Amino acid sequence: MSAAIRGDVHTSQPHDSAHKHVTGRAEYTDDIPEPAGTLHAYLGLSECAHGRVTRLDLDAVRAAPGVVGVLTGADVPGANDISPMHLDDEPIFAGDTVQFWGQPLFAVVAGTRDAARRAAMLAEVAYDPLPHALDPEAAMAADYPHVTAPLTLQRGDADGALDAAPHRITGRMRVGGQDHMYLEGQIAFALPGEDDEITVFSSTQHPSETQMMVAHALGVPTGAVTVKVRRMGGAFGGKETQMNLFCAVAAIAAKRWNRAVKLRPDRDDDMTATGKRHDFLIDYDVGYDDSGRIEGVRATLAARCGFSADLSGPVTDRALFHADNAYYYPNVHLQSRPMKTNTVSNTAFRGFGGPQGVIMAERVIEEIAYARGMDPLDVRKANFYGGPGRDVTPYHQTVEDCIIDRLVGELEESADYRARRAAIVAENAKGGVMRRGIALTPVKFGISFTATWFNQAGALINVYRDGSVSLNHGGTEMGQGLNTKVAQVVANAFGIDLSHVRITRTSTGKVPNTSATAASSGTDLNGMAALDAVEQIKARLAAFAAERYQAKAEDVRFEGNAVHVGGEAVPFADMIAMAYMERVHLSAAGFYKTPKIHWDRAAGKGRPFYYYAYGAAVSEVEIDTLTGEYTVERADILHDVGRSLNPALDLGQVEGAFVQGVGWLTVEELWWDDAGRLRTHAPSTYKIPLASDRPRIFNVKLADWSENREPTIRRSKAVGEPPLMLGISVVEALSMAVASVAEYRTCPRLDTPVTPERVLMAVERLRGA
């Protein structure tokens, strides 16, 4: 633009709610004033991993002080099911059989939350236990079914290549899960309306799905339900489907008693009753040549999915999509095994299965490097995607935008990787208790929902008589800055300051049929939809201005808070006032659907991703070989976000994703006892990274030369999920430090999370060998 505006795209702007976050004035669902007579619901959870319910006596619950009533499956007016895949496999309340410890059996509704919680503990329940399987290995041994059909990706002759390869390695890797640990827990607040109408305020990433599930449970048309959300206090995928339970229960209670009902579980019950990142058991077989170049790969990725499908099908699919990471496999056969287990159904989590696939690829590279006595970075470079002949993925999509060589090369130089590695090898050779490791790992991450129909978005733009603009779109704000970026797009398109654009609460009553804010696609989709709406209004304004000022519509420009026409610069607000008086329509509904993408799951072929985002990280660690304890000494990151819409927000996303990825892979351990009870169900037992766990030296930079080759919103790229996988560099660095005790002859094969105990056991194992 020739005339600058404040808050334009490609400039760093503060998060629109940053000042509210730090002063405590940001309004969340639990802060909404409660109408007189508001009731509170609480869930009664099972205490058996798998069994028949032989007795459910709720008399004492009903008789408890303050209790208004109790809900069970028999009280659901519509369908007792909240399966996001519509498989009728996820009841709101369990019936005769419970399938995991923590499955909801009933809900108590009382005058206060405390009364409801206390009453829920008075239920008398008896079970006839049945055999249970808690992890994919046990489930496969017990011949448990898949929760959804497995996926196979293949290209070339994997078995032939493996048999003919000069070298071959087989191995197994266990990859742990992760709890979302959002700051704001699950919550639903339902207000009954007239007839069959109801409004639900919720902390949800997917208002349209919540709307549909509540309608399904109430047995009413979807249009009778309105779901609203202003912001969430974190989500990370844990509020894409998991809030369906809480919203359905609150809505059923609200309509039954015709009073507002709030449901907010405590952290223990939240963690027990909601899904997490999928654990994986990965078996791999790789053939390679003397230079470390891969010739063939066969792998099976089995996941702990839980008792129902939830989103496990697409999660395990995406794990396969990313099992190549940035590497070309000439011959490949990959298969998923989404295993049913007697645990809570696992769900979406930042990366959506992709991180589990990527870490498999990095293990394969690591195995080859140790077997050949090479620097793992050299093996990585030898296997990167390249030009024609080395540019087709296992799902037959051609990689057209690969910048990984340049990205890794720049980071290798700027982080002084080679010299630092040589110094570490020399220092480790002296022996001693403390050992260091360093690793550089890349990421290539596909951007789009693999369910093609989700790649659409809507937006509503209203321009008011004073020139102010309201923005509403189908995306949801969970702290990532989506609203700020989309508002910048709107301000840029109108040529007005960002302060003139007001962000409004996401509502299914304003923008219908929205997709989840997930798959890192929130800005891509909603930004384009908002731009479409703005362009409609601008076209009407340009036609009006051209007629009024005897000019051509195509010569009308919107910039510098003015409309430039016929040699005049008319203030934007003045032009809007004139347009209103001439009855120009100043509102528009925008729409966008991602082009080019298609996917045939049965054939395992297509173009599921519109483009790829890339990144790389160098991490350096130090371990204590006597205790297994370690520190992350330094991390250097170079990440590709295309032409960044807001560099400050994007840097924050990269930094946060890296730390969350490191937490998943090192300290965050989920543990079930033999009875099937989750024991790590609160911050007291489940460890997440502290501020003191960040790298002592932390250098993060965006690849400012990158520009998306696809016409995305202002040529930017997604940033939410891809950087999480950069945390894998810490695992690889820990592996090097451990391997040093055996002269780097053996791959340590560290399972994740790489806790200090696992580091210590690996050190002892390698020393013993």
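How many nonpolar, polar and charged residues does the lining of the second largest pocket have? The points below take up this pocket, then the cores, then the cavities.

1. The model is predicted. In it, the lining of the second largest pocket comprises 16 nonpolar, 15 polar and seven charged residues. The space in this pocket comes to about 850 Å³.

2. In total, 38 residues line the second largest pocket, and those nearest its centre are Pro84, Met85, Ala451, Trp453 and Phe454. Two elements, helix H6 (207-218) and helix H9 (312-321), are the ones that give two or more residues to this lining. Helix H9 supplies the largest share, six residues.

3. The largest nonpolar core has 160 residues, and within it Ile461 and Phe494 touch the most other members. Helix H15, residues 522-548, contributes 12 residues, the most of any element, to this core.

4. What does Ile461 touch, leaving out residues up to four places away in sequence? Its contacts are Val469, Ser470, Leu471, Val490, Phe494, Ala530, Ala533, Val534, Ile537, Leu586, Ser587 and Ala588. Phe494 thus appears in this list, and Phe494 is also named beside Ile461 for touching the most other core members.

5. Another core lies apart from the largest one and has 38 residues. Leu43, Leu45, Ile92 and Ala217 are among its members.

6. Turning to enclosed space, the structure has nine cavities of 30 Å³ or more. The largest cavity holds about 160 Å³ of space. It is lined by 17 residues, of which Ile82, Glu90, Leu245, Ala273 and Phe307 are the closest to its centre.

7. Which helix gives the largest share of the lining of the largest cavity? That helix is H7, residues 243-257, with three residues. Sorted by class, the lining of the largest cavity has 10 nonpolar, six polar and one charged residues.

8. The second largest cavity contains about 80 Å³ of space. Its lining is made of 13 residues, and Ser448, Asp524, Thr594, Tyr610 and Tyr611 are the closest to its centre. By class, this lining has seven nonpolar, five polar and one charged residues.

9. Helix H15 comes up in two places. It gives the most to the lining of the second largest cavity, three residues, and it also gives the most to the largest nonpolar core, 12 residues.

Methods:
Residues are numbered from 1 along each chain as its sequence is written. This is a predicted model: local features need pLDDT of at least 70, side-chain atom pairs count only at pLDDT 80 or more; totals for chains, interfaces and linings use all residues. Side-chain values use heavy atoms; hydrogens and water are left out. On a 1 Å grid over the protein atoms alone, a cavity is a set of points where a 1.4 Å probe fits but cannot get out, and a pocket is an open set with protein on both sides within 12 Å along at least five of seven lines; lining residues have an atom within 4 Å of a point. Grid points are joined across faces, edges and corners, and a volume is the space filled by probe spheres set on the points. Helices (H or I, at least four residues) and strands (E, at least two) are DSSP runs, numbered from the N terminus. Ala, Val, Leu, Ile, Met, Phe, Trp, Tyr, Cys and Pro count as nonpolar, Asp, Glu, Lys and Arg as charged, and the others, Gly among them, as polar. A nonpolar core is a set of buried Ala, Val, Leu, Ile, Met, Phe, Trp, Tyr and Cys residues joined through side-chain atoms within 4.5 Å. Buried means under 20% relative accessible area, exposed over 50%, partly exposed in between (1.4 Å probe, protein chains only). Contact means heavy atoms within 4.5 Å.
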